[in-house]
Amino acid sequence: MRMDDEGLIQSLYNGVFETPLWGGFLRLLLAKSQARYAVMQFRPIAGEAARALYVGADIPAEQRAAMAHIVLPNDSAAAIMREGRAYALQELPPADDGVLASLKLAHGITEMRCVRIQEPGGVELWLSLWGGREIGSATAALLTALAPHVRIALRTMAALDRERFRSAVTGQAIEKLKMGWCTLDDKCQILETTDNIEQLFQWGSLLRRGRYNRLIPASPAIDRQMSALVKSYADGEGRAQAFTLSQDPWVDMLVTPMRDTGLARPNAAAVVYISGDRRSEADRCDQLVELFGLLPSEARLAWMLSQASSIKEAAAALNLTEETARNYSKKIYAKTGARGQAELVRIVLTSVLALS
């Protein structure tokens with residue numbers, strides 16, 4: 001058998017991006033081998049239950065489970081199977097005779113060839129073809145020839161799966177911190193964004209999508225500065241710069257050069273990180289009252305101190321004398337357990353307020 005007939009290798013590599021995985025590849029493999037069933041079982045991490053993909057005539061769930069058990073009976077088959085070599089049914093540890101008799105009676109299955117593949121990260125895959133007299137040495141040769149290509153496809157799938165997991169966890173953490181990002185080309189046109197930045201465009205007037213999909217800050221001065229900055233990045237110059245878009249509610253923006261665009265985004269010139277909060281200062285003060293038992297006047301001072309204002313600056317902003325502000329701060333430290341302003345900042349910014 002020539003394994004490249006009918007695009008078998010191409011379908012194997014494309015199968016990493018299909019739903020379900022490798023559906024087209026298994027159908028082509030089934031047709032090429034003339035087997036009755038093609039089965040792909042893979043185990044993400046040692047100790048987890050294997051998952052399986054089946055292609056072929058309808059087969060009851062209990063008999064699918066029986067086929068899986070024959071290939072993976074408590075890891076005893078894996079222990080004797082050399083990676084990349086095709087094995088016959090008779091070479092595997094003895095299976096339940098009743099299971100084999102059931103498969104033979106219902107589906108005419110008397111033969112099977114299976115190959116075990118493992119990628120460097122530890123993910124394992126068993127590819128097997130099931131049938132009758134048509135399953136023989138040619139089928140074994142086909143599976144053996146496919147093994148190196150299956151290993152590459154498995155490694156790609158595992159890498160994508162790990163990256164999806166990391167991206168999901170990172171995205172959740174960034175969202176809880178009220179942060180997001182978007183990428184821009186040299187004309188400040190938006191290339192891609194995180195979902196929470198799209199929400200920011202909807203609920204606020206501080207940033208918006210303008211004509212030609214351009215990122216436009218509400219402040220014309222910030223818009224001009226950002227445009228000049230991004231253009232300098234495209235020319236290979238410029239440093240990161242932060243902008244305060246609003247203080248109440250608090251929203252700020254960091255514009256940084258895109259140093260490694262890769263193949264997918266060759267036109268990206270800048271990454272814009274946006275950190276913001278829909279809640280107003282009054283909302284936050286109400287939450288501090290509830291969380292730490294502060295008086296409203298103490299909560300207003302505590303919020304300003306947590307934003308790194310000095311006692312003098314906070315007193316002036318709240319129309320308090322500096323002495324009154326210091327007396328309030330002592331009560332704030334006692335109620336929150338903070339031993340100073342630095343610890344107050346940490347307590348407030350790492351409390352449940354950060355997740356609300």
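1. Helix α2 and its end. Directly after α2 comes Gln34, a residue with a positive phi near 60 degrees. This is a predicted model, and the points below should be read on that footing. The helix itself spans residues 23-33, and because eight of its eleven residues are buried, α2 is largely enclosed by the rest of the structure. The buried set consists of Gly23, Gly24, Phe25, Leu26, Leu29, Leu30, Lys32 and Ser33. A lysine, Lys32, is thus listed among the buried residues of α2.

2. The approach to α2. Pro20 is placed in the loop that joins α1 (8-14) to α2. The peptide bond leading from Thr19 into Pro20 is cis, and its omega is near 0 degrees. Anyone inspecting the backbone here should look at both features: the cis bond at Thr19 to Pro20 and, after α2, the positive phi of Gln34.

3. Cys188. This residue sits in the loop between β6 (179-184) and β7. Cys188 is not a glycine, yet its phi is positive, near 65 degrees. With a relative accessible area of 1%, Cys188 falls under the 20% limit and therefore counts as buried.

4. Asn213. Another non-glycine residue with a positive phi is Asn213, at about 65 degrees. Asn213 belongs to the loop between β8 (207-209) and β9 (215-217). Its relative accessible area is 31%, so Asn213 is classed as partly exposed. Cys188, by contrast, is buried.

5. Thr194. The loop between β7 (190-193) and α7 (195-203) holds Thr194. Thr194 has a relative accessible area of 19%; because the limit for buried is under 20%, the residue is assigned to the buried class. Beyond its neighbours within four places in sequence, Thr194 makes contact with Gly180 and Trp181.

6. Ser232. Helix α8 (residues 220-234) includes Ser232. A relative accessibility of 18% is the reason Ser232 counts as buried. Once residues up to four places away in sequence are set aside, Ser232 touches Glu237 and Gly238.

7. Gly293. This glycine is found in the loop between α9 (281-292) and α10 (296-306). Its relative accessibility is 45%, and Gly293 is therefore partly exposed. Outside the four places on either side in sequence, Gly293 contacts Leu288 and Lys335. Thr336 lies 43 residues from Gly293 along the chain, and the C-alpha atoms of the two are separated by 8.6 Å.

8. Tyr273 and the surface patch. Tyr273 is part of strand β12 (residues 270-276). With a relative accessible area of 34%, Tyr273 is partly exposed, because this value lies between the 20% limit for buried and the 50% limit for exposed. Together with Met179 and Leu254, Tyr273 makes a nonpolar surface patch of about 220 Å².

9. Aromatic rings. How many aromatic pairs does a search of the whole structure find? The search returns zero. A ring does take part in an arrangement of another kind: Arg85 lies over the face of Tyr87, at 4.2 Å from the ring centre.

Methods. Residues numbered from 1 in each chain as written. Predicted model: local features only at pLDDT ≥ 70, side-chain atom pairs only at ≥ 80, totals over all residues. Heavy atoms only, no water. Helix = DSSP H or I, 4+ residues; strand = E, 2+ residues; numbered from the N terminus. Buried < 20%, exposed > 50% of the residue type's maximum accessible area, 1.4 Å probe, protein only. Contact = heavy atoms within 4.5 Å. Phe/Tyr/Trp six-rings, centres within 6.5 Å; stacked < 30°, edge-to-face > 60°. Lys NZ or Arg CZ within 6 Å of the ring centre and 35° of its normal. Patch = residues over 30% accessible without salt bridge, like charges linked within 9 Å, V, L, I, M, F, W, Y side chains within 5 Å. Areas by Shrake-Rupley, 256 points an atom, 1.4 Å probe, with all protein chains shown as cover. Salt bridge = Lys/Arg side-chain N within 4 Å of Asp/Glu carboxyl O.
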